[in-house]
Amino acid sequence: MNILVLGSGGREHTFAWKISQSPLSKNLYVAPGNSGTAEIATNINIGVTDFEAIKKLVLDKSIDMVVVGPEDPLVKGIHDYFLNDNTLKHVSVIGPQKEAAELEGSKEFAKEFLYRHNIPTAAYESFTKETVEKGYAFLETLNAPYVLKADGLAAGKGVVILNNLDEAKAELKSMLVDAKFGEASTKVVIEEFLDGIELSCFVLTDGKNYKILPTAKDYKRIGEGDTGLNTGGMGAVSPVPFATDEFLNKIEERIVKPTINGFEKDNLPYVGFVFIGLIKVGDDPKVIEYNVRMGDPETEVVLPRLKNDFVEILQAMSNQTLDTINIEIDERAATTIMLVSGGYPETYEKGKEISGIKAIQDSIPFHAGAQIQDGKIITSGGRVMAITSYGDTYQEAIKKSYQNIEKLHFDKMYYRKDIGFDL
C-alpha cells in the first residue's frame, strides 16, 4: 500500500519507523515530516490542515491510507473531508471524524461525555465571559489547588493549576475576559484537583472493537522533580511499574469499555487511537482528559514495544476487523528522553546544528523538531529529539538513553536528568 503520515514530530517519525518495517508498505510519504522521516520516507512540504494540498497529494501518489498524527486536522474534520469527496472516500483515514474529535477539541464536550457514561472523573463546571462571576463563586466552593482548563485547543498549554484562590480568580478573568488563550479560552472548565500519580492508556478502535496498547507515563514539566512550566513532554516510560494487573483491569472495565460503548451509543464515528490521560487516586483510576491521537513522547515508547506488523493493525482498524488481531507486546521496558532547545517552552532559538547522531548505539533517535538544511541536521522546534532505549528494567533502559545522549550535541541543548525518578 501507499501510505501517508501527517505530521512532523517525534510521534510521526515513530509511526513512519514502524510502518516502514512492514512488507505491506510500498511507498511511504510524510507531510511535512522532519530529518528523521526523510531517511525512511519521502517528505512532502504540506501543512497538516491544508486539506486541498493533501487531496492533490493523495490523488497524485495513489495513496491508500492516511495516518493522522496531530489533533488539529482531526478537530478540523479531515476524516469527514475525505468521506464527503467522491475521489477520496475510498482512502482509509486513521483518526476519528470531526464530531468524535471534539473529545479533544472541547474540554466541556469531553466532561459531558464522561458524566453521561458514568466514567470516573473530577467534578467540574464550565464558564464563559458572561458567567465569570459564577466562576469566582464556584472556585470558592473548592479546596486548593485550583484547576482551570481552556475549553479549546491551546497547544498543550491551556491548563493552569494554582494554589491561591485570588490568583485562580485572576487567572479565570485573564482566560475569559482578556482572552489569554484566544479562541481556546472563550469557555473555561474549572475542575476539582485530583491528587495522585498520572499515566496514559492507549486504545486502538475500529469503532466497534478495541485493543489496549501498553501503558506509559510521561513527564510534562520542564524542570527536574516535576517543577516549572508544562511542556509537550520531556520523556516517557513504558510499562508503568505501579500499574498492576488488578489496576489495569479497573482501567479496562471502568474506563475503556464504557468509552468505546459510549462512541456507539452517542453515534460518534471513531476509527483511530484513543489516548486516555489517567490519574491513580488511591487504588482507583480516574480520567483527566481524552486525546484523539497518540501521545508524544509516549508513542516513542509504546510503538517500539509493539511486535505486530503495524500496517496490518491499521488495516484491521479501517476494515472493522480489529477483533481478529492478537496484539503482541515486547516484554522489555522502553524509555525515552526528550532533548529540547534552550529556553523551551518559552522563547528559544532554531537552526542549531545537531552532531553525534551517527555515534548512537543501542538506542533509537526519534527526530522531532529537526530538519535537514544544506546536508546538516539542524534544530527547528522546541522539542528536538527523543532518545528511546530498551532494557530488562526501565532503569536499565533509562541508563542507555542517558549514555547515548552524552554523544549528542547542539548549542543550548537541555534535557531532564531525572526521568523515571518518581517510580
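Before we start, one term: two residues are in contact when heavy atoms of theirs lie within 4.5 Å. Keep in mind too that this is a predicted model.

**Exercise 1. Which elements cover the buried residues of α2, and how are the residues of α2 arranged around its axis?**

*Step 1.* Find the helix. α2 runs over residues 51-60, and its buried residues are Phe 51, Ile 54, Leu 57 and Val 58.

*Step 2.* Look at where they point. These four span an arc of only 120° around the axis, so they sit on the same side of α2.

*Step 3.* Recall the general rule. An α-helix has 3.6 residues a turn, so residues three or four places apart point the same way.

*Step 4.* Now check the other side of α2. There you'll find Glu 52 and Lys 56, both exposed.

*Step 5.* Use the contact idea. The cover over the buried residues of α2 includes strands β1 (2-7) and β4 (65-68), along with helices α3 (71-75) and α4 (78-83).

*Step 6.* See what comes after the helix. Ser 62 follows α2 and has a positive phi, near 50°.

**Exercise 2. Is Lys 111 buried or exposed, and what does it touch?**

*Step 1.* Place the residue. Lys 111 belongs to helix α6, residues 107-116.

*Step 2.* Compare with the cut-off. Buried means under 20% relative accessible area. Lys 111 has 2%, so it is buried.

*Step 3.* List its partners. Beyond neighbours within four places in sequence, Lys 111 is in contact with Thr 121, Ala 122, Tyr 124, Val 189 and Glu 191.

*Step 4.* Set sequence against space. Lys 111 and Glu 289 are 178 residues apart along the chain, yet their C-alpha atoms are 8.2 Å apart.

*Step 5.* Widen the view to the helix. Along with Lys 111, the buried residues of α6 are Lys 107, Glu 108, Ala 110, Phe 113 and Leu 114. They pack against α5 (98-105), β6 (124-128), β7 (146-150), β9, α9 and β17 (284-291).

*Step 6.* Look past the end of the helix. Asn 118 follows α6, and its phi is positive, near 55°.

**Exercise 3. How far apart in space are Val 188 and Cys 201, and which residues does Val 188 touch?**

*Step 1.* Locate Val 188. You'll find it in strand β9, residues 187-191.

*Step 2.* Judge its exposure. With 0% relative accessibility, Val 188 counts as buried.

*Step 3.* Read off the distance. Val 188 and Cys 201 are 13 residues apart in sequence, and their C-alpha atoms are 25 Å apart in space.

*Step 4.* Gather the contacts. Leaving out residues up to four places away in sequence, Val 188 touches Glu 125, Ser 126, Phe 127, Leu 148, Lys 149, Asp 151, Leu 172, Met 175 and Leu 176.

**Exercise 4. Where do the cis peptide bonds at Pro 32 and Pro 239 lie?**

*Step 1.* Take Pro 32. The peptide bond leading to it from Ala 31 is cis, with omega near -5°. Pro 32 sits in strand β2, residues 27-32.

*Step 2.* Take Pro 239. A cis peptide bond links it to Ser 238, with omega about 0°. Pro 239 is in the loop between β15 (235-238) and α9 (245-265).

**Exercise 5. What are the phi values of Gln 320 and Lys 412, and how exposed are these residues?**

*Step 1.* Start with Gln 320. Its phi is near 60°, which is positive even though the residue is not glycine. Gln 320 lies in the loop between α11 (310-319) and β18 (333-340).

*Step 2.* Check the exposure of Gln 320. Its relative accessible area is 37%, so Gln 320 is partly exposed.

*Step 3.* Move on to Lys 412. This residue, also not a glycine, has a positive phi near 65°. Lys 412 lies in the segment after α12 (394-405), and at 47% relative accessibility it counts as partly exposed.

**Exercise 6. Does the radius of gyration of the protein chain agree or disagree with that of a compact globule?**

*Step 1.* Get the expected value. For 423 residues, a compact globule would have a radius of gyration near 22 Å.

*Step 2.* Compare. The protein chain has 21 Å, which agrees.

*Step 3.* Add some context. Buried residues make up 58% of the 423 residues, and the chain has 12 helices and 22 strands. Its C-alpha atoms fill a box of roughly 60 × 50 × 45 Å along the principal axes.

Conventions: Residues numbered from 1 in each chain as written. Predicted model: local features only at pLDDT ≥ 70, side-chain atom pairs only at ≥ 80, totals over all residues. Heavy atoms only, no water. Helix = DSSP H or I, 4+ residues; strand = E, 2+ residues; numbered from the N terminus. Rg over C-alpha atoms; globule rule 2.2 N^0.38 Å. Buried < 20%, exposed > 50% of the residue type's maximum accessible area, 1.4 Å probe, protein only. Arc of directions from axis to C-beta.
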